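Me: I'm new to this structure and would like a close look at a single part of it. Could you take me through that part slowly, one piece at a time?

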Amino acid sequence: MPGFVLHSGMTMTCPHQGAVTPVPAGPPPALVAGMPVLTTKDQLTIVGCTAVPPCVSVQWNNNSTELGYGTPVLVQSKPGGQGDGTCVGSQSPGPPVVIAMQPYVFGR
């Protein structure tokens with residue numbers, strides 16, 4: 001599914017207000033606005049979730065191979081709102097909430 005490319009400067013939370021932080025797996029295939037593009041090899045960890053047990057990570061479900069140079073990049077169908085992934089770890093998993101991200105670079 002096409003979408004806007006996610007980069008490390010995005011702001012995202014789990015449905016229980018935990019902060020999502022990207023953990024890079026290595027050098028990024030590209031930069032957007034000077035920030036690394038997130039790929040399927042990177043991890044999205046969650047800290048501060050209020051659920052018991054807490055959400056611990058995000059499994060992203062929307063990827064693009066157009067910009068990845070062999071590694072798919074993470075894309076978001078719309079620049080904000082409900083994310084195209086699933087927060088996992090809690091007994092009430094749900095989609096992350098994308099608060100801020102770049103709205104210019106699009107991948108298919």
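Which residues in the largest nonpolar core touch the most other members?

Reply: Happy to walk you through it. Please keep in mind that this is a predicted model.

The largest nonpolar core has 18 residues, and those that touch the most other members are Leu 6, Met 10, Leu 44, Ile 46 and Trp 60. Two elements give two or more residues each to this core: strand 6, covering 43-47, and strand 7, covering 57-60. There is also a second, separate core of 5 residues, with Val 5, Val 32, Val 73 and Val 75 among them.

Let's start from Trp 60. Leaving aside residues up to four places away in sequence, Trp 60 touches Leu 6, Met 12 and Leu 44, then Leu 74, Val 75 and Gln 76, then Gly 83, Asp 84 and Gly 85, and lastly Pro 96 and Val 98. Two of these names, Leu 6 and Leu 44, are also on the list of core residues that touch the most other members.

Now look along strand 7, where the side chains alternate. Val 58 and Trp 60 point to one face and are buried, while Ser 57 and Gln 59 point to the other face and are not buried. Strand 7 is joined to strand 11, residues 85-88, by 4 bridges, and the two run antiparallel. Within that pairing, Gln 59 stands opposite Thr 86 of strand 11.

Leu 74, Val 75 and Gln 76, which Trp 60 touches, bring us to strand 9, residues 73-76. Here both faces are covered: Val 73 and Val 75 are buried on one side, and Leu 74 and Gln 76 are buried on the other. Val 73 and Val 75 are the residues you met in the second core.

What does strand 9 pair with? It belongs to an open sheet of 4 strands, in the order 8-9-1-13, with antiparallel pairing. Strand 8 and strand 13 are the edge strands, each pairing on one side only. Let's go across the sheet in that order.

Strand 8, residues 63-64, is joined to strand 9 by 2 bridges and runs antiparallel to it. Ser 64 lies in strand 8 and stands opposite Val 73 of strand 9. Is Ser 64 buried or exposed? Its relative accessible area is 1%, so Ser 64 counts as buried, the cut-off being under 20%. Not counting residues up to four places away in sequence, Ser 64 touches Pro 72, Val 73, Val 75, Gly 107 and Arg 108.

On the next step, strand 1, residues 3-5, pairs with strand 9 in the antiparallel sense over 2 bridges. The bridge partner of Phe 4 in strand 9 is Gln 76. Strand 1 is also joined to strand 13 by 2 bridges, again antiparallel, and there Gly 3 stands opposite Gly 107.

Just before strand 13 comes a loop that runs between strand 12 (97-100) and strand 13 (106-107), and Tyr 104 has its place in it. With a relative accessible area of 73%, Tyr 104 is exposed, because exposed means over 50%.

For a last stop, turn to the largest pocket, which holds about 200 Å³ of space. Among the 16 residues that line it, Ala 25, Gly 26, Pro 27, Pro 28 and Asp 42 are the closest to its centre. The lining is made up of 10 nonpolar, 4 polar and 2 charged residues. To place Pro 27 relative to the loop you just saw, Tyr 104 and Pro 27 are 22 Å apart in space, C-alpha to C-alpha, and 77 residues apart in sequence.

Technical notes:
Residues numbered from 1 in each chain as written. Predicted model: local features only at pLDDT ≥ 70, side-chain atom pairs only at ≥ 80, totals over all residues. Heavy atoms only, no water. Core = buried A, V, L, I, M, F, W, Y, C linked by side-chain atoms within 4.5 Å. Buried < 20%, exposed > 50% of the residue type's maximum accessible area, 1.4 Å probe, protein only. Contact = heavy atoms within 4.5 Å. Pairing = 2+ DSSP bridges. 1 Å grid on protein atoms, 1.4 Å probe; cavity = no way out; pocket = protein on both sides within 12 Å on 5 of 7 lines; lining within 4 Å. Points joined across faces, edges and corners; volume = space filled by probe spheres on them. Nonpolar A, V, L, I, M, F, W, Y, C, P; charged D, E, K, R; others polar.
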